[in-house]
Amino acid sequence: MSFSLTNKRAVLFDMDGVLYDSMPLHSKAWSMAMADFGFKMSPTDVYQHEGCTGAYTINWVCERDGKDAVSDEEIGRIYGRKTQYFMAMPPAQMMPGAYEVMQKAKASGLQIQVVTGSGQGGLIDRVQHDYQGFVTRRLMITAFDVKRGKPYPDPYLKGLEIGGISASEAVVIENAPLGIRSSVAAGIDTIAVNTGPLPDSMLLGEGPVMLCHSMSELADMWDTLY
Ligand code: CA
């Protein structure tokens, strides 16, 4: 393994599926909301589109199932329902091992940043509390900060900009294929952490420098990356 953290100055964490074990909740909320409107959405469908906008995901399912195109209005209703279901669920747990990875990163002198496609205000506020001493709003990019989300490189490019670092000085930690596509397109070395049900090959196909199966595994091997 040739990848090294030696010359890195910052680590950019994705949020859902990396800092929080929130994807099973999103998955459940999506499948309930889509079922209400006559669509089928499996956990694999959800994880495959993780990071995309709600509209993109809804259009994709609709096309796959050979249904008529849905209007923007109906997309709004479906996505609104999904948000309702998600908000009614118990709060997402912190991802096991994520806190330890942050501790290791900080001890290594790395600047901590968060780059998420999420627009869920609750979780965006909570991350600063749960990861207090590591995460600050000033170094966060959310759905509100960019026009084009993942898989475009924009969120990660903006992250580099606010962090005052170059792509080669950063490392990204991502769990979703399209999230990895975004950070790789921004020219940043990316560590894939497969915390969901997709096969490793779907993440590896997007070009990460390495892959772990949990944040705990990454925490355990952190020191070997120097
Ligand atoms: Ca994610």
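This report covers the two largest pockets and the calcium site of a predicted model.

**Pockets**

The largest pocket holds about 630 Å³ of space. Its lining counts 31 residues, and those closest to its centre are Gly51, Cys52, Tyr79, Gly117 and Ser118. Three elements each give two or more residues to this lining: α1 (23-36), α3 (54-64) and α4 (72-88). Because domain 1 (10-22 + 93-225) and domain 2 (23-87) both contribute residues to the lining, the largest pocket lies between them.

In the second largest pocket there is about 290 Å³ of space. This pocket is lined by 16 residues, of which His49, Cys52, Tyr56, Pro151 and Leu178 are the closest to its centre. Here the elements that supply two or more residues are α3 and α8 (177-185). The most comes from α8, with three residues. Domain 1 (10-22 + 93-225) and domain 2 (23-87) each provide at least three residues to the lining of the second largest pocket.

Cys52 is listed among the residues closest to the centre of the largest pocket and also among those closest to the centre of the second largest pocket. Likewise, α3 gives two or more residues to the lining of the largest pocket and two or more to that of the second largest pocket.

The make-up of each lining by residue class is as follows.

| Pocket | Nonpolar | Polar | Charged |
|---|---|---|---|
| Largest pocket | nine residues | 15 residues | seven residues |
| Second largest pocket | eight residues | four residues | four residues |

**Calcium site**

Which protein atoms are the donors of the calcium ion? They are Asp14 (OD), Asp16 (O), Glu50 (OE) and Asn175 (OD1), at 2.1 to 2.3 Å from the ion. Along the chain, these donors follow the spacing D-x1-D-x33-E-x124-N. Asp16 sits in the loop between β1 (10-13) and α1, while Asn175 sits in the loop between β4 (170-174) and α8, so this pair ties together parts that are 159 residues apart in sequence.

Are Asp16 and Asn175 buried or exposed? The cut-off for a buried residue is under 20% relative accessible area. Asp16 has a relative accessible area of 10%, so Asp16 is buried. For Asn175 the relative accessible area is 5%, so Asn175 is buried.

Note on methods
Residues are numbered from 1 along each chain as its sequence is written. This is a predicted model: local features need pLDDT of at least 70, side-chain atom pairs count only at pLDDT 80 or more; totals for chains, interfaces and linings use all residues. Side-chain values use heavy atoms; hydrogens and water are left out. On a 1 Å grid over the protein atoms alone, a cavity is a set of points where a 1.4 Å probe fits but cannot get out, and a pocket is an open set with protein on both sides within 12 Å along at least five of seven lines; lining residues have an atom within 4 Å of a point. Grid points are joined across faces, edges and corners, and a volume is the space filled by probe spheres set on the points. Helices (H or I, at least four residues) and strands (E, at least two) are DSSP runs, numbered from the N terminus. Ala, Val, Leu, Ile, Met, Phe, Trp, Tyr, Cys and Pro count as nonpolar, Asp, Glu, Lys and Arg as charged, and the others, Gly among them, as polar. Domain bounds come from an automatic or database domain assignment. Donors are N, O and S atoms within 2.8 Å of the metal (3.2 Å for Na, K and Ca); water is not among the atoms, so sites may look incomplete. Buried means under 20% relative accessible area, exposed over 50%, partly exposed in between (1.4 Å probe, protein chains only).
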